[in-house]
Amino acid sequence: MSDVKILAIESSCDETAASVVLNGRTVLSNVISSQIDIHTLYGGVVPEIASRKHTERINRVIRESLTQAGMKLSDVDAVAVTYGPGLVGALLVGVSFAKGLAYAAGKPLIAVHHIEGHISANYIDHPELEPPFPCLVVSGGHTHLVRVKDYGEYEVLGMSRDDAAGEAFDKVARAIGLGYPGGPKIDKVSDEGNPEAIDFPRAKVGDSEYDFSFSGLKSAVLNYLNSAKMQGIEISQSDVAASFQKAVVDVLTEHAMLALDKNGDKKFAIAGGVASNRHLREAMEKECAKRDIVFYRPAPIYCTDNAAMIGAAAYYEYLKGEFAGPDLNAVPNLRLGQRS
Ligand code: KG4
Ligand code: ZN
C-alpha cells in the first residue's frame, strides 16, 4: 500500500492544532497554538473565548502545518478532525473547517474521537506498539482505564465517578494559589515539597475495582487549607502540592497495576495531559519494570492536546474506509467506543 498522509485538526478545548501524519506513526508537522495565556486571566477555560480564538487562528495553524510538512492540501490523502468530546463551540470550529477543506479539495473526511486520539499518541515514536493493550487515559476531562482491543475498538474497564484527574490538579492548584493550568505547576513545585508531609486520602470506590474518585481528595485538600487558615498556620505550598500529587499518582498506579496483575498483560500505555506528569511516569515505569511489563508513554508534547494524535488515530479509520459525510456534527459528550 502506498503512503497515507493525513492532515489532522484538533480544536476541542483551548489548543488550536493541526498536523500532517504519515502512515499513522510519523509526524511530518505538529503545530499547536495554545490559548493558555488568555484563559489564565480567568483561572480556567472560557468556552466562548476558546471558540473565538479557534476561529481566528485555525486557518493560519493549518497553513503552517502544511508548510512545515512541505505539502499542499492537494498532496494529502484525507482530512481528519476531532468531533468530540469537548466544548461544543470549540469543536464546531474544527469540524466546520475540516468539512469545508475536505469538500473543496475532494478528500475523504475522518471523524476522530478525542480520547481515541490521546490513546493513539502512543503509536507515534513506538512503531512496535500494536493492540491489544490496556491504557490509562488521564486528561483534564477524562480518567479512563481502557482495554484497547484493536485499532478503534475499546472496552472501558474503569473511569472516574466524579472529577477527572487533571481537573483535580487544576482545582487544587487554584486553591493553593498556583493558578491555571494546575497540572504542570503542581508537577514543578512538588520538586521542593515533601510528598509524605500530609496524608491525603486514597479513595476507593466501593463496588468497582477500577473506578476512580477524586472529589474526596480535592475536598480533603480544601479542608486542610481551611483548617490551617483558621488556626493561623502557614501552609507549605510545595508540601501540599507534593502530597496531593502523591495521592493521585498512588491511586492511578494502584488501579492500573491491579488490572495488569489480573489480566496478565505484558504491555501497558498511558495517555492524556496528566500522562506528561513526571512523577506519574516514574511511578508507572517502576511498577511495570517490577512486573516485566513494557511501559509505553507518549513524549510530553503528544500527551497534552495536539493534532498529531488525531492523525495517528485517523490512519486506522482510513484503512477501514470509515469516512464521515458532510452531515458530520460536533458531539460534546461523545463516549469512547460510541459512533455517531
Ligand atoms: O489532555 P489534555 O491536554 O486536555 C484534555 O483533553 O483535557 O489535559 C489537560 C490536563 C489539565 O488538567 C492539566 O492540568 C493536566 O492535563 N496536565 C498535567 C500536567 N500537564 C498537563 N497534570 C499533571 N502534571 C502535568 N505535568
Ligand atoms: Zn485532551
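Hi everyone. Let me start with a definition: helices, of at least four residues, and strands, of at least two, are DSSP runs, numbered from the N terminus. That is how I'll name the elements today, and please keep in mind that we are looking at a predicted model.

With those names in hand, let's go to a loop. Between strand S4, residues 78–84, and helix H3, residues 88–105, there is a loop that holds Pro85. The bond leading into this proline is a cis peptide: Gly84 and Pro85 are joined with omega at about -10°.

There is another cis bond further along, from Pro131 to Pro132, and here omega is near 5°. Pro132 belongs to the loop between H4 and strand S6, which spans 133–138. Stay in that loop for a moment, since Asp125 is found between H4 and S6 as well. Its phi is near 75°, a positive value in a residue other than glycine. You can find a positive phi at Asp292 too, near 65°. That aspartate sits in the loop between helix H9, residues 278–290, and strand S10, residues 294–296.

Now to the ligand. Where does ligand 1 sit? It is in the largest pocket. And which domains give residues to the shell around it? Domain 1, made of 5–119 and 302–320, and domain 2, which is 131–297, both do, so ligand 1 lies between them.

Let's look at who surrounds ligand 1. There are 19 residues around it, and Gly140, Asp170, Gly183, Asp187 and Asn277 come nearest. By type, the shell has 12 polar residues, four nonpolar and three charged. Three helices each supply at least two residues of this shell: H4 at 114–120, H5 at 165–175 and H6 at 182–189.

Some polar contacts are worth finding on the screen. Asp187, which I mentioned among the nearest residues, has a side-chain N or O atom 2.8 Å from a nitrogen atom of ligand 1. The side chain of Ser276 also places an N or O atom by a ligand nitrogen, at 3.2 Å. Gly166 uses its backbone instead: an N or O atom there lies 3.1 Å from an oxygen atom of ligand 1.

How much of ligand 1 does the protein cover? On its own, ligand 1 has 550 Å² of accessible area, and the protein covers 88% of that.

So, to leave you with one picture: ligand 1 sits in the largest pocket, with residues from both domains in its shell. Thanks for listening!

Terms used:
Residues are numbered from 1 along each chain as its sequence is written. Chains are lettered from A and ligands numbered from 1 in the order in which they are written. This is a predicted model: local features need pLDDT of at least 70, side-chain atom pairs count only at pLDDT 80 or more; totals for chains, interfaces and linings use all residues. Side-chain values use heavy atoms; hydrogens and water are left out. A residue is near a molecule or strand if one of its heavy atoms lies within 4 Å of it. A polar contact is a pair of N or O atoms within 3.5 Å; within protein, one must be able to donate a hydrogen and the other to accept it, and residues adjacent in sequence count only if both atoms are side-chain atoms. Accessible areas come from the Shrake-Rupley method with a 1.4 Å probe; for residues, only the protein chains shown count as cover. On a 1 Å grid over the protein atoms alone, a cavity is a set of points where a 1.4 Å probe fits but cannot get out, and a pocket is an open set with protein on both sides within 12 Å along at least five of seven lines; lining residues have an atom within 4 Å of a point. A molecule sits in a cavity or pocket if more than half of its atoms lie within 2 Å of its grid points. Ala, Val, Leu, Ile, Met, Phe, Trp, Tyr, Cys and Pro count as nonpolar, Asp, Glu, Lys and Arg as charged, and the others, Gly among them, as polar. Domain bounds come from an automatic or database domain assignment.
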